[in-house]
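This report goes through the backbone, sheet and helix features of one model. The sequence and structure come first.

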Amino acid sequence: MKRTWRFWVALWAGKMINKGLLATGKKGTTLPGKIANWIDPDIMRHLSVAYTDGIIMITGTNGKTTTANLLASILRQSGKEFAFNQAGANLVTGITGALIQNTRWNGFSRASLALLEVDEATVPKFCEQVSPTLAIVTNFFRDQLDRYGELDTTVRMVRASLPKETLLVLNADDPLVAQFGTDHASVIYYGVERTPDSRSESEETREARFCPACGTALDYTLFHYGQLGIFNCLGCGFHRPEPEILAQKVRLEEGLLLFRVGVTSFTLSLQGYYNLYNALAAVTAARQLNINDVLIEIGLRGFIPQAGRMERFYLPEGEITLTLVKNPTGFDQVIQTMLGVNQPLRILIGINDLAADGRDISWLWDVNFERLGIHEACINQVICTGLRAEDIALRLKYAGVSVEKLVIEHTLADALDRLQASRTVQEVAFILPTYTLLFPLREILEDRQEKAGLTDSKTKDRGEEASA
């Protein structure tokens, strides 16, 4: 593909802006990508042709960032170099910026493989210019209706955009994802046999009660969470495909998630059974890249959680787990994980309604907070913060959490102080923010951890053990 003068101006402008940001101690790919796309709207197309070993795209509602970073950990263990939007900037500007960072001034790429997390709504624009070699689709849940519109619209948009020649790595247990394989030539499925939390009946929010093919109510023999499980349509026969990559013997031991795929055992240092799907997606993609299971296991075991994805911080008062919440199904799984620790809980919930969070917060009423009310005996305190602190406090009150246990504190530092005040060694602390509160809270936690001279020694030991 012939590169025009616009391409060269866009590339050099992007690289100069990136260099200037680094010189001032700032990190970011969005601004270089924004300017480069303004100069040359086709720059992604021109940059993508350099990746002769392929372009891996990861999209879906939940788990994109964790899946991408798990796969990145595996790729590093295998010695592969790759372009990567690691910061999670998954819109066109962020993706372009990541590709520019990986491109030299002479237009040649530093790597021949690209790993790109792509926002669901960005998939059409991305696939107009880039034809991914492999595309992982994680799941579809209701998320930011004011931005995406109804879920059916998002699903149709992503499905119609995926090139026919792309190998699809699909979640077999989500009917909204599994349907992509019915008219696609190259597909591989991953799924779960069962987890200790799997049930034959479910009262959780489900996004796919009806068959996506004919509209008949789906029949489930097993629910994992949300609409994920073993399903069948009695109307047209659409059913959960048989996964080529199937997780079996799933269990938690000492904060580690253990499972088997065939004869190979894998270990993941992440809480929450929902993270099993992220690991399976990464394993499936890694195998397609001909990476052996030994290196895959090392990559999974040595993985350190990224920003706000069950990330652990160590303060003098005790360990705190920080995890992003953004939609009903994801929040339900975090609640399940918290209750599963079987220890007294202190919880800080931060809800904002800025553009990046989603202006419409009515989704809070679809979260199964009633589980916290039912298990209130193990909840010692809930701190509510953010622009909509009163709204989440009201929701928790209606869910059955005692008013005496609810505290509203709008200042983040003070909210964290209240969370830690008089905390006992038996109490486990979780912080659950929406997107625009995630990084401000994370900065406070990092600062306090650094000042206290504490580090995540357990994670560090796992990483050194995996690298050995």
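## Loop residues with positive phi

S422 is exposed, with a relative accessible area of 70%. That value is over the 50% cut-off for an exposed residue. The model is predicted, and S422 lies in the loop between α15 (412-420) and β17. Although S422 is a residue other than glycine, its phi is positive, near 55 degrees.

N342 is a further case of a non-glycine residue with a positive phi, here about 55 degrees. It sits in the loop between α12 (328-339) and β14. N342 is exposed, and its relative accessible area is 67%.

## The six-strand sheet

The loops of S422 and N342 lead to β17 and β14. Both strands belong to an open sheet of six strands, ordered β12-β13-β17-β14-β15-β16, in which the pairing is mixed. At the edges stand β12 (311-315) and β16 (406-408); each has a single partner strand, so one side of each has no neighbour in the sheet. From one strand to the next the twist averages 20 degrees.

Within this sheet, β14 (residues 345-350) and β17 (residues 428-433) are paired in the parallel sense, over six bridges. In this pairing R346 stands opposite A429 of β17.

## The nine-strand sheet

A second open sheet has nine strands in the order β2-β3-β1-β4-β5-β6-β9-β10-β11, again with mixed pairing. Its edge strands, β2 and β11 (264-268), each pair on one side only. At the β2 end, β2 and β3 pair in the parallel sense over two bridges, and A83 has A114 in β3 as its bridge partner.

β5 is mostly covered, with five of its five residues buried. Burial extends to both faces of β5: L167, V169 and N171 are buried on one side, L168 and L170 on the other. On one flank β5 pairs with β4 in the parallel sense over four bridges, and L134 stands opposite L167 in β5. The pairing of β5 with β6 is also parallel and also runs over four bridges; there L170 stands opposite Y189 in β6.

## Helices on the nine-strand sheet

Helix α10 (residues 275-288) lies across β4 (134-137), β5 (167-171), β6 (187-192), β9 (245-253), β10 (256-261) and β11, and it runs at about 145 degrees to β6. α11 also packs on the sheet, where it touches β10 and β11; the direction of α11 makes about 20 degrees with that of β11.

## The contact of α4 with α11

How far apart are the axes of α4 and α11? Helix α4 (residues 64-77) packs against helix α11 (residues 293-301) with the axes 8 Å apart and an angle of about 130 degrees. That angle makes α4 oblique to α11. The crossing of α4 past α11 is right-handed.

On the α4 side the contact is made by L70, S73, I74 and Q77, and on the α11 side by L295, I296, I298, G299 and L300. By residue class the contact of α4 with α11 has six nonpolar, three polar and no charged residues.

## The enclosed helix α5

Why is α5 described as largely enclosed by the rest of the structure? Helix α5 (residues 92-101) has 10 residues, and seven of them are buried, so the helix counts as largely enclosed. These buried residues are G94, I95, T96, G97, A98, L99 and I100.

The packing partners of the buried residues of α5 include both helices and strands. The helices are α1 (5-23), α2 (30-39), α3 (43-48) and α6 (123-129), and the strands are β2 (83-84) and β3 (113-117). β2 and β3 are the strands that pair over two bridges in the nine-strand sheet.

## The β7-β8 hairpin

Strands β7 and β8 form a hairpin with two residues between them. In the turn, G226 has a positive phi of about 55 degrees. The pairing of β7 with β8 (residues 228-233) is antiparallel and runs over six bridges, with L218 opposite C233 in β8. β7 (residues 218-225) is mostly covered, as six of its eight residues are buried.

Conventions
Residues numbered from 1 in each chain as written. Predicted model: local features only at pLDDT ≥ 70, side-chain atom pairs only at ≥ 80, totals over all residues. Heavy atoms only, no water. Buried < 20%, exposed > 50% of the residue type's maximum accessible area, 1.4 Å probe, protein only. Pairing = 2+ DSSP bridges. Contact = heavy atoms within 4.5 Å. Axes fitted to C-alpha atoms, helices over the stretch in contact; angles between N-to-C directions. Parallel < 35°, antiparallel > 145°, perpendicular 65-115°, else oblique. Left-handed = near helix turned anticlockwise from the far one by under 90°. Nonpolar A, V, L, I, M, F, W, Y, C, P; charged D, E, K, R; others polar.
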